[in-house]
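Here is a short briefing on one protein model. Please have the sequence and the coordinates open while reading.

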Amino acid sequence: AQHPPVRHGSLTAMARIDLDHIRHSYYPNPSSPEDYALREVDHSWDDGGAYALLGPSGCGKTTLLNIISGLLTPSEGRILFDGRDVTRLQPEERNIAQVFQFPVVYDTMTVYDNLAFPLRNRGVPESEVDRKVRETLDMLDMSGWSGRKARGLTADQKQKISLGRGLVRSDVNAVLFDEPLTVIDPHMKWQLRSQIKLLHKRFGHTMVYVTHDQTEALTFADKVVVMYGGEIVQIGTPEELFERPSHTFVGYFIGSPGMNVLPVSLDGATARLGSQAIALPDAPKDVAGRRVELGIRPEYIRFAPAGMPVTVRAVEDIGRQKIVRAELEGHPLAIVLGEDETVPAEPSVAFEPGGINLYADDWRVKLGMS
């Protein structure tokens with residue numbers, strides 16, 4: 001059963017986060033877009049939302065997270081919590097809880113005292129400290145460890161303490177996670193990720209979770225923020241990122257295998273790939289002179305007797321499905337088959353019309369009602 005978000009009187013604070021034309025460069029005098037680690041971020045994140053910042057190394061995820069937390073001051077723009085400008089405020093003035101990639105714990109303290117520390121630091125009455133710590137230990141399945149020194153714990157247990165220290169407070173505006181499962185054993189990752197998700201549903205804190213792992217992002221977040229080259233290229237639900245990637249990078253990055261992206265020329269509502277013609281739902285507008293590509297997920301390609309001939313190069317059996325590596329008009333094409341489906345002797349393929357996306361200079365072009 002889902003619990004309603006817990007509210008503890010006037011102490012509870014959560015925040016809508018407004019990123020108002022944020023840009024950041026690590027150079028003193030940036031002169032070109034390439035000099036910026038964040039090129040421009042102008043978005044609002046809802047109070048109580050669970051967001052994942054997803055993208056490859058160097059795309060600007062941690063820079064943006066550190067600007068939200070106050071560890072970095074942006075070169076340009078403002079950051080607001082519930083309309084209040086916090087751009088120049090220190091981290092401790094923002095009521096942010098941050099969980100880092102490597103667990104931050106006090107080894108000489110007990111598990112209980114590690115969680116009690118941030119509350120005692122704020123002068124919370126000891127009876128309230130005890131209630132909150134025991135409640136948090138129970139949620140983290142660590143009640144039996146409360147008297148143990150943190151020194152002897154495993155990496156995943158220490159990361160649970162880091163997580164608990166953020167969640168034990170009732171006054172946090174947001175909880176920020178910077179790749180928190182990197183040092184966790186693979187078999188423990190799913191369990192910890194599930195606990196973080198449950199804690200979000202229970203407490204309703206605004207949560208921002210940085211990761212380069214699409215599985216972590218898609219299973220944790222209500223909305224995934226995909227970053228590439230220092231900018232946000234799409235914010236959407238996992239379904240939106242899969243069905244309608246707004247940028248070719250999102251198509252490549254989300255999915256396993258990622259979206260097929262094929263160079264095409266246009267003739268009205270027909271896309272031409274070599275000698276093949278692919279019908280589109282509508283003729284796109286405003287694409288003259290731009291580089292046009294067709295995107296199709298491997299899941300939306302099927303073998304069809306009267307389709308476009310392909311050359312099959314390899315078949316990978318991965319259990320519940322097969323991945324067919326083929327070529328269409330000299331371009332690589334990945335196709336997903338069910339475990340019981342077979343590759344025809346003379347293979348040809350068709351694209352499901354609802355799965356076709358069209359891109360001009362990497363950005364998705366609207367087709368018909370889509």
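Is Phe 100 buried, partly exposed or exposed? This model is predicted. Phe 100 counts as partly exposed, because its relative accessibility is 33% and the buried class ends under 20%, while exposed begins over 50%.

**Surface patch**
- Phe 100 sits in the loop between strand S6 (96-99) and helix H2 (111-121).
- Together with Leu 71 and Val 104, Phe 100 makes a nonpolar surface patch of about 250 Å².

**Helix H1**
- Helix H1 covers residues 61-69, and eight of its nine residues are buried, so the helix is largely enclosed by the rest of the structure.
- The buried residues are Lys 61, Thr 63, Leu 64, Leu 65, Asn 66, Ile 67, Ile 68 and Ser 69.
- Gly 70 comes just after H1 and takes a positive phi of about 100°.

**Three-stranded sheet**
- Strands S12, S13 and S14 form an open sheet in that order, with antiparallel pairing.
- S12 (265-267) and S14 (276-279) are the edge strands; each has a single partner, so one side of each lacks a neighbour in the sheet.
- From one strand to the next, the twist averages 35°.
- S13 (residues 270-273) and S14 run antiparallel and are joined by four bridges.
- Arg 272 stands opposite Ala 277 in S14.
- Gln 276 is also found in S14.
- With 15% relative accessibility, Gln 276 counts as buried.
- The side chain of Gln 276 makes a polar contact with the side chain of Ser 275, at 3.4 Å.

**Salt bridges**
- Side chains of opposite charge can pair when their charged atoms come close.
- The whole structure holds 18 salt bridges.
- Arg 16 pairs with Asp 18 in one salt bridge, with the closest N and O atoms 3.1 Å apart.
- Arg 16 is partly exposed at 36% relative accessibility, whereas Asp 18 is buried at 14%.
- Asp 130 and Arg 134 form another salt bridge, their closest N and O atoms being 3.0 Å apart.
- Both residues lie in helix H3 (residues 126-139); Asp 130 and Arg 134 are four residues apart, so about one helical turn separates them.
- Asp 130 is partly exposed at 27%, and Arg 134 is partly exposed at 46%.
- Arg 291 and Glu 293 meet through their side chains in a salt bridge of 2.9 Å, N to O.
- Arg 291 is partly exposed at 41% relative accessibility, but Glu 293 is buried at 12%.
- Glu 128, Arg 131, Lys 132 and Glu 135 are joined into one network by salt bridges that share partners.

Definitions and conventions: Residues numbered from 1 in each chain as written. Predicted model: local features only at pLDDT ≥ 70, side-chain atom pairs only at ≥ 80, totals over all residues. Heavy atoms only, no water. Pairing = 2+ DSSP bridges. Helix = DSSP H or I, 4+ residues; strand = E, 2+ residues; numbered from the N terminus. Axes fitted to C-alpha atoms, helices over the stretch in contact; angles between N-to-C directions. Patch = residues over 30% accessible without salt bridge, like charges linked within 9 Å, V, L, I, M, F, W, Y side chains within 5 Å. Areas by Shrake-Rupley, 256 points an atom, 1.4 Å probe, with all protein chains shown as cover. Salt bridge = Lys/Arg side-chain N within 4 Å of Asp/Glu carboxyl O. Buried < 20%, exposed > 50% of the residue type's maximum accessible area, 1.4 Å probe, protein only. Polar contact = N/O pair within 3.5 Å; in protein donor to acceptor, adjacent residues only side chain to side chain.
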